[in-house]
Amino acid sequence: MKGKFITFEGSEGCGKSTQSRMLYEYLKKKSARVVYLREPGATKVSEKIRDILLDAGNDRMSAECEMLLYMAARSQIVGEIIRPKLKKGVIVICDRFLDSTIAYQGYGLGMDIDFIKQVGKFATFGIKPDLTIFLDLPVGKGLIHRNGRKDRIEKRSLAYHFRVRKGYLSLAGKEPGRIKVIKVEEDKYKTQEKIRDLVKRYAV
Ligand code: TMP
C-alpha cells in the first residue's frame, strides 16, 4: 500500500473526534491527499449499521450480533474507501478501527479475542493501521462529558468502561510499535501538538 493509515482510539469522551479532525485539517493544509473517516460509518451502508448499533432502543441485541455488525460496517468501509485510497497513496485517518472491537467487545463484553482478530482479518482484508493513537483519559472524566442522552454503548456500566480502557492499555503494551498512548491534556492544542509530533515521526 502506498498510502498511510492512521487510526484513533479511545474511551468515551476522550476528545478523539476533535483531535482526529484537527489532525486532518492540519495534514490537508500540507497535502491534499488525505481523507477523514469515522467508524462505524463513512459509507451509506455503514452509517445505517451505526444507527442500529447505537440505538439505545435496541437493548436486546446480543454480543454476537453486535460484534458482527461492527465488523460488517468495517468491511464495507475498507472495501469501499480505505483500501482504494491507500492504493492511490492517500493518507487515511480513521476515527476508530479493529482495536475498538477488541477493546469494547473483547475486553469489555468478554468475547474471545483471538476469534475477534480472526473475523477482523477477514473483514479488513488484512489491512492494518501504520499508526494507532490511543487517547487516554480516566474513565470517569470522559463519561462526565456525556451526561446528556446516552447511546446504547455509553449507557453501559462504569465497570464495563473500565475494562475497555484496561483492554486498550493492554493492547498498547503488546504492540508498542504501532499503538502510541497519548495522555489527554486539559488544553486540546497541547494534545494536538503531541499527536502531530508522533505523526511526523511515525507516519508521514
Ligand atoms: P464513537 O463514539 O467513537 O463514534 O463510536 C461509537 C461507539 O461504538 C462507541 O461507544 C464505541 C463503540 N464501538 C464498539 O463498541 N466497537 C467497535 O468496533 C467500534 C468501532 C465502536
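Colleague: Before we get to the ligand, what counts as a polar contact here?

Modeller: A polar contact is a pair of N or O atoms within 3.5 Å. Bear in mind that this is a predicted model.

Colleague: Fine. How far is the side chain of arginine 50 from an oxygen atom of the ligand?

Modeller: An N or O atom in the arginine 50 side chain sits 2.8 Å from a ligand oxygen, which means the pair falls inside the 3.5 Å limit.

Colleague: And lysine 16, what does its side chain lie 2.9 Å from?

Modeller: An oxygen atom of the ligand, reached by a polar atom of the lysine 16 side chain. Glutamine 105 has a side-chain N or O atom 2.9 Å from a nitrogen atom of the ligand.

Colleague: How much of the ligand's accessible area does the protein cover?

Modeller: 95% of the 470 Å² that the ligand has on its own.

Colleague: Which elements give two or more residues to the shell?

Modeller: Helix 2 (44-54), helix 3 (63-87) and helix 4 (98-108). Helix 4 supplies the largest share, 4 residues.

Colleague: Which residues come nearest, and what's the mix by class?

Modeller: Glu12, Arg50, Tyr70, Arg96 and Thr101 come nearest, out of 14 residues around the ligand. The shell has 6 charged, 5 nonpolar and 3 polar residues.

Colleague: Changing topic: where is arginine 156?

Modeller: In the loop between helix 6 (139-144) and helix 7 (158-174).

Colleague: What is arginine 156 in contact with, leaving aside neighbours within four places in sequence?

Modeller: Glu66, Leu109 and His161. With glutamate 66, the side chains of the two residues make a polar contact of 2.6 Å.

Terms used
Residues numbered from 1 in each chain as written. Predicted model: local features only at pLDDT ≥ 70, side-chain atom pairs only at ≥ 80, totals over all residues. Heavy atoms only, no water. Near = heavy atom within 4 Å. Polar contact = N/O pair within 3.5 Å; in protein donor to acceptor, adjacent residues only side chain to side chain. Areas by Shrake-Rupley, 256 points an atom, 1.4 Å probe, with all protein chains shown as cover. Nonpolar A, V, L, I, M, F, W, Y, C, P; charged D, E, K, R; others polar. Contact = heavy atoms within 4.5 Å.
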